[in-house]
Structure formats: C-alpha cells, structure tokens
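Let's take a walk through a protein model together. Have a look at the picture, turn it around a little, and then read on.

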Amino acid sequence: MSAEVSPRATGGQCPECARLDRARSVAADTKVDDPQPYRVYLAWFGPGMTKVGITAEARGDARLLEQGAVAFSWLGRGPLMAARRTEEQLRHALKVPDRIPYAGKRAVRHRLPAPLERRREIEELYRDAVALPGWGETLHTLPCEVRDHAEVFGIDGLPPLSGTVTELCENGVVAGQVLAAAGPDLHLLDSEGRCIAVDTRLVRGWGLASADAGEAVTVPVRKEPGRSQEGLF
C-alpha cells in the first residue's frame, strides 16, 4: 500500500505512518516506562516565547538545538513520569506552553534582543518555577545556568526575513548563501538579496542535486506579513 505525501509535509510521511511512528513517543505522551533519567528545561525562542519541556538526560542539549532554542536553562532531573508531571504543573501554573510553532520561532530570530534580555526572561521564569510547591519532592532541582545558542546558530544580526519556503516541487531550486542554521531551519540570502527561511524537514523524500548559490529561487515562498502583500514570489 502506498500513499501520496503532501509537498508541504515536514515529516516525509503520510499522516497514518506519522501516527504509527508516534505510538511510543515521549513527546506524544505515549511512552511511560523509560527507566533512564530525564531533565526538565526552560527554552527561550524570543520575547514572550519561552516553553517548558523534557528530554532524556543522556541527550544533553541536543533536543534544544533541534528545536532552535536561542537560550535555555535546566530546571530539574528525575524519572520520566515525575518530569512529565512537572512539565504539566509548570504549564498550567505559569501559563507557559510546551510547544511553540516554528513559524513564530523563525520570524523572531531576525529581531532578537540582546543576550542579557534573553537571560533575564529565563531567570525570572526559573525563579517562579522553583517557588511552586510540590514538584521538588520527586525531581532534583538543578541550578539556573542559562546557555545561549545564538552564536552556534549564527543568528545574531540576521537581516529582516522576507519569506519562507512553503513546499518543494519537481526541478524546483532553493539556492543562496547560508547565513544561519537553527533547528531544522536554514536562513539564506538569495540571489535577489532577500533573506528566506527553509525548513529542511521538507527535503525528506526528495532527490537532491547541487545548485549554484547565485541561481534564482523557483519554489513557492510565502512572503512575510508587513513586508509585502500576501502571496507567493
């Protein structure tokens, strides 16, 4: 049996296969018996865009890099279900989400505040989190040590975002000078001087050939609101 995958799909799978792949997933709350220690973190993506999440301790900060977190701090460590309960408690008590859409993450990278401001937001949320009663009984609290990924990603000083690639197509071209790479996203300066973002998850399943950085972009690109009329260029 085969199924057509949408050119806008970021997982390279049809919806049914994607659902089956998440049948035992920590992120989907379907994996509950993992014996390894987990860590709870606070991840900052932009002003007012901080989320709470969990990751296996053995992965280090790989999960934060995958998500494109500009800055983060650990909060606590312990068993999976204790970490999950803490994540839920913080989400409801402090009104912080456990997911932030990639579109929001991409746009804000082009107008980041200074590192001290990024640090301040995390430190304030950390203080609010550790002040909540109860969760420290099942998790070991970790100190607030903010790590900043802006230099790793190359995102400080990016020019304004002009648009985002929405899908790939047969014989389509995505080309340009790579300015930054954050999470799954590449930020490119194309041959017309526009800064565009490419979610590399769109590439799954496509055969690729090299292109010259000076070639014109021919795939559909959604323009950023406020910079031009809605549509494709």
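How many bridges join strand E6 to strand E9, and do they run parallel or antiparallel? There are 2 bridges between E6 (residues 163–165) and E9 (residues 195–199), and the two strands run parallel. Two strands count as paired if DSSP finds at least two bridges between them. Helices (H or I, at least four residues) and strands (E, at least two) are DSSP runs, numbered from the N terminus.

Before going further, keep in mind that this is a predicted model, where local features need pLDDT of at least 70, side-chain atom pairs count only at pLDDT 80 or more, and totals for chains, interfaces and linings use all residues. Residues are numbered from 1 along each chain as its sequence is written, and side-chain values use heavy atoms, with hydrogens and water left out.

**The open sheet**

Back to our pair of strands: Gly-163 sits opposite Ile-196 in E9. Both strands belong to an open sheet of 5 strands, in the order E7-E8-E9-E6-E10, with mixed pairing. E7 (177–182) and E10 (221–223) are at the edges and have a single partner strand each, so one side of each has no neighbour in the sheet. From one strand to the next, the twist averages 25° (axes are lines fitted to C-alpha atoms, for helices over the stretch in contact, and angles run from 0 to 180 degrees between N-to-C directions).

**Strand E1 and its partners**

Now find E1 (38–46). Of its 9 residues, 9 are buried, so E1 is largely enclosed by the rest of the structure. Here buried means under 20% relative accessible area, exposed means over 50%, and partly exposed is in between (1.4 Å probe, protein chains only). The table shows how E1 pairs.

| Strand pair | Direction | Bridges | Citation |
|---|---|---|---|
| E1 and E2 | antiparallel | 8 bridges | |
| E1 and E3 (residues 71–78) | antiparallel | 7 bridges | |

You can check single positions too: Gly-46 stands opposite Met-49 in E2, and Leu-42 stands opposite Ser-73 in E3. The hairpin of E1 and E2 has 2 residues between the strands, and in it Gly-48 takes a positive phi near 70°.

**The nonpolar cores**

A nonpolar core is a set of buried Ala, Val, Leu, Ile, Met, Phe, Trp, Tyr and Cys residues joined through side-chain atoms within 4.5 Å. The largest one has 18 residues, and Val-40, Leu-75 and Leu-90 touch the most other members. Two or more residues come from each of E1, E2 (49–56), H3 (80–93) and H5. H3 gives the largest share, 4 residues.

What does Val-40 touch, if we skip its neighbours within four places in sequence? Its contacts (heavy atoms within 4.5 Å) include Val-52, Ile-54, Trp-74, Leu-75, Leu-90 and Leu-139. There's also a second, separate core of 12 residues, with Leu-112, Ile-122, Val-146 and Ala-150 among them.

**Helix H5**

H5 (residues 115–131) has 17 residues and reaches 25 Å from its first C-alpha to its last, close to the expected 24 Å. That expected span is 1.5 Å times one less than the number of residues. Its buried residues are Arg-118, Glu-121, Ile-122, Leu-125, Tyr-126 and Ala-129. Looking down the axis of H5, they fall within an arc of 130°, so they line one face of the helix; the arc is that of the directions from the helix axis to the C-beta atoms. Why does such a spacing work? An α-helix has 3.6 residues a turn, so residues three or four places apart point the same way. The face turned away from the buried side of H5 carries exposed Leu-116 and Ala-131.

**A few loop residues**

Most residues other than glycine have a negative phi. Lys-95, in the loop between H3 and H4 (102–108), has a positive phi of about 60° although it is not a glycine. Lys-95 is exposed, at 69% relative accessibility. Asn-171, in the loop between E6 and E7, has a positive phi of about 65° and is exposed, with a relative accessible area of 70%.

Pro-97 also lies in the loop between H3 and H4. Pro-97 is partly exposed, at 34%, and touches Thr-50, Lys-51, Val-52 and Arg-91, not counting residues up to four places away in sequence.
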